[in-house]
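Me: I am new to reading protein models and would like a close look at one part of this one. Please take me through a single pair of neighbouring elements slowly, and then show me what surrounds them.

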Amino acid sequence: MSEQTDVRVEDWNRLQREVARLRILVIIALLAVIALAAVSLLRKPDTPTKPDPILRAQGLVITDAQGHDRILIGAPVPASKDRTRKDDASDSIIFLGKNGADRLAVGQMPAPVVGGKTLKRIGDGDNYGMALFDKQGNERGGMAFLGMGRAVIGLDRAAPLSDAIGMMVDDRDGFAGLIVNYADDKVQAPAFELGATADEVHMQVYGKDNLPHAQLNFDGKGKPAWQFNDAKSAAKAAQASGK
C-alpha cells in the first residue's frame, strides 16, 4: 500500500508543476493580447500612411526597343544624339519620330521650324502649350497661350509651309476671331477674317492684292453695312483708312 501511495504523490506533484507552468503561459499570453489591444486603441485611426517617395530629376529620356531616344522630358529637355534638332532647350516633353525629328512638344513651346529653318515665335518666349510637327520636323500647328497675352489655335499648310488657319483671343485689345490665309506665302493679308471686340463685329474678304474687297461691319449701334469694292475702290478705301 505504501508504494502505491508514494507513486500517487509523485504523480500529483508532477501534475501540480505542469498546472503551474500552464498558468504562467496563460498569463503571459493574456498580457500580450492586452498590450496589442492597447497599442491598437492608442493609435490614431486617421493617421495617414506614409506616401511613396517622390522621384526628382532634371531630365528623363525614354528609348524604344532598339535603344533610340524617343521621348525627352526635362527642364530643360536633355540633349539627345538621336534628336535632329540641336538648338532647342525648352522646358517640355518632346516626342521624336523614328528619324529623330520632333513630332510633338508639350510644355514650353520651342521656336518654330519651317522648311528646316528656325524662326522666332511671336511672344516673349514664355509660351506654353502644344506644338505639332510633320515627319520632317516642320511645325504644322498647335495650341498655346503666348506670354504677351494671346491664346491661339492654329494649323499650317505643307505647301507652301505657312499659316493656314488660326483662331485667337487677344487680351490686349479684346479681339477674338478667326483668320484664314491664302495658300500663297507672298500674300501678306489674310483671305478671310472674322472677328469681334467689345463693341464691333466685322467680316472681311481680301484679294491677293492685300486689299479688302468685301466687308460686313457692325458697330453695335446702327444697322450692319455691307461694302463691296473693286481693286481701285479697295485701294482708295485702304489709303483712306491708313492701311
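Reply: In this predicted model, a good place to begin is Q215, whose bridge partner in strand β15 is Q227. Q215 belongs to strand β14, which covers residues 212-218, while β15 covers residues 225-228. The two strands run antiparallel and are joined by 4 bridges. Between β14 and β15 there are 6 residues, and the two strands together form a hairpin. In the turn of that hairpin sits G220, with a positive phi of about 85 degrees.

A positive phi deserves a second look, and a residue on the other side of β14 helps with that. N210 lies in the loop between β13, which covers residues 201-206, and β14. The phi of N210 is near 70 degrees, which is a positive value in a residue other than glycine. Most residues other than glycine have a negative phi. As for its surroundings, N210 has a relative accessible area of 31%, and because the range from 20% to 50% counts as partly exposed, N210 is placed in that class.

Loops elsewhere in the chain hold another kind of backbone detail, this time in the peptide bond itself. The bond from A75 to P76 is cis, with omega near 5 degrees, and P76 is found in the loop between β2 (69-74) and β3 (92-96). The bond from A159 to P160 is also cis, with omega near -10 degrees, and P160 lies in the loop between β9 (150-158) and β10 (161-170). Most peptide bonds are trans.

From the backbone one can turn to the surface, where F95, V106, M130, L132, M143, I153 and M167 make a nonpolar patch of about 550 Å². One of these residues, M143, is placed in strand β8, which covers residues 139-146. M143 has a relative accessible area of 45%, so M143 passes the cut-off of over 30% that residues of a patch must meet. That value also makes M143 partly exposed.

Finally, the hairpin can be set within the whole protein, whose secondary structure comes to 2 helices and 15 strands. Of its 243 residues, 28% count as buried. The protein exposes about 16,900 Å², and carbon and sulfur atoms supply 62% of that area. Among contacts between residues at least 6 apart in sequence, 18% join residues at least 24 apart.

Key. Residues numbered from 1 in each chain as written. Predicted model: local features only at pLDDT ≥ 70, side-chain atom pairs only at ≥ 80, totals over all residues. Heavy atoms only, no water. Patch = residues over 30% accessible without salt bridge, like charges linked within 9 Å, V, L, I, M, F, W, Y side chains within 5 Å. Areas by Shrake-Rupley, 256 points an atom, 1.4 Å probe, with all protein chains shown as cover. Salt bridge = Lys/Arg side-chain N within 4 Å of Asp/Glu carboxyl O. Buried < 20%, exposed > 50% of the residue type's maximum accessible area, 1.4 Å probe, protein only. Pairing = 2+ DSSP bridges. Contact = heavy atoms within 4.5 Å.
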